[in-house]
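Reader: I should like to learn how the nonpolar residues of a protein are arranged, both at the surface and inside. May we work through one example together?

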Amino acid sequence: MYEGHTVAVVVPAYNEEGLVGRVIDTVPEFVDRVYAVDDCSTDGTWDEIRAHAGRTVPITDGGSESAPFDQLVVPIRHSENRGVGAAIKTGYCRAREEGIDVTAVMAGDGQMEPDMLARVIQPVVDGRADYAKGNRLSTPGFREGMSAWRSFGNWLLTFLTKAASGYWGMVDPQNGYTAISARALSELDIESVYDDYGFANALLVRLNVHDMRVADVTMPAVYGDERSTIRYSTFVPKLSALLLWGFLWRLKAKYLVRDFHPLAFLYGLGAVGTGAGLLTLLRNRRETSDGLSATLLGGLCLVLAMTFDRQANEGLGVRDELEVHGEIRDEWKAHDDAEVRDE
């Protein structure tokens, strides 16, 4: 338990042999339950999970049986590969069934520092947020060693996720180090969220429609022996399309169905005006007055819509307490000094 709250950790793993066992072994002592979910790996991941789980009751596809609550690690294996989002959803559903207060996610590749778990769950435990996520972009040197293409992809997906989700103050949406409250899990239709990479982005859209508060928790980037399987050349276009659908769904659900706000029409007018204006300019291959006017008017509508959208969701973003008190720089300096000493 952590400050009177039960805490669970979902460890999604796919072909993480040699890494996932270390993640399980280093989970902090205050954690009450670990759902280690093997997404039908083709290597020795499943055997490693069971070997590090101690006394276990292996479960296939998150079956209905409940493990004794004194059992720390619950190994779960998917019968087919369904994606990292599906593995997280399996753990979330188990946590919801068992009434866990706060459920975090720590990837099976060892990129997430166990010592940071308390900071990640703190906003949820305090009741300041319904969902907390890591933010590496405030860490000095985060982009060092990152290719120009990957840096551009990260920037683009950050902006698109801001627009799609309505959390305009949020950064680093690809960060999978997260924590979610029992209330959020009970109110959201978790089972219908996207299954693959992009799950975290899609979940933010759902959280916003339900007016859930989201906190960014500043943390250092960790790079170890893991190898990313994401190909940005295909991942960025695929996730961009997913975010566009999520954006349209959010506008309909939040500003037309649940309530009414004219910003939905401003977005529509802006998109039509800008598209029509650009098409006119391209067809005539010169800056005609009609095409230029339509483009400028459409752009103005989009800016106004985004401004109203930001104002409507302003109260849903929660700032990092260390950032508020100006302690971020000192903490990361101490962290960097410690790393130098270790080397």
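Reader: Which residues make the nonpolar surface patch of about 430 Å²?

Author: The model shown here is a predicted one. In soluble globular proteins, nonpolar side chains tend to be buried together. Here, however, a nonpolar patch lies on the surface, and its makers are Leu256, Val257, Phe260 and Phe265.

Reader: Is Val257 buried or exposed?

Author: Val257 is one of the residues of the surface patch, and it belongs to helix α8. The cut-off for an exposed residue is over 50% relative accessible area. Because its relative accessible area is 62%, Val257 is exposed.

Reader: Which helix gives the largest share of the largest nonpolar core?

Author: The largest nonpolar core has 48 residues, and among those that touch the most other members are Tyr35, Leu203 and Leu207. Eight residues of this core, the largest share, come from the helix that spans residues 232-257, namely α8.

Reader: How many residues does the second, separate core have?

Author: This core stands apart from the largest one, and its members include Val73, Val102, Val125 and Met219. Its size is 36 residues.

Reader: How many of the residues of helix α7 are buried?

Author: Helix α7 covers residues 199-209 and is mostly covered. Its buried residues include Leu203 and Leu207, both also named among the core residues that touch the most other members. Polar or charged names such as Asn201, Arg206 and Asn208 are on the buried list as well. The count of buried residues in α7 is eleven of eleven.

Reader: Which residue with a positive phi follows α7?

Author: The phi in question is near 55°. The residue that follows α7 with this value is Asp211.

How values were computed
Residues are numbered from 1 along each chain as its sequence is written. This is a predicted model: local features need pLDDT of at least 70, side-chain atom pairs count only at pLDDT 80 or more; totals for chains, interfaces and linings use all residues. Side-chain values use heavy atoms; hydrogens and water are left out. A nonpolar core is a set of buried Ala, Val, Leu, Ile, Met, Phe, Trp, Tyr and Cys residues joined through side-chain atoms within 4.5 Å. Buried means under 20% relative accessible area, exposed over 50%, partly exposed in between (1.4 Å probe, protein chains only). Helices (H or I, at least four residues) and strands (E, at least two) are DSSP runs, numbered from the N terminus. Patches are made of residues with over 30% relative accessible area and no salt bridge: like charges are joined within 9 Å, nonpolar side chains (Val, Leu, Ile, Met, Phe, Trp, Tyr) within 5 Å. Accessible areas come from the Shrake-Rupley method with a 1.4 Å probe; for residues, only the protein chains shown count as cover. A salt bridge is a side-chain nitrogen of Lys or Arg within 4 Å of a carboxyl oxygen of Asp or Glu.
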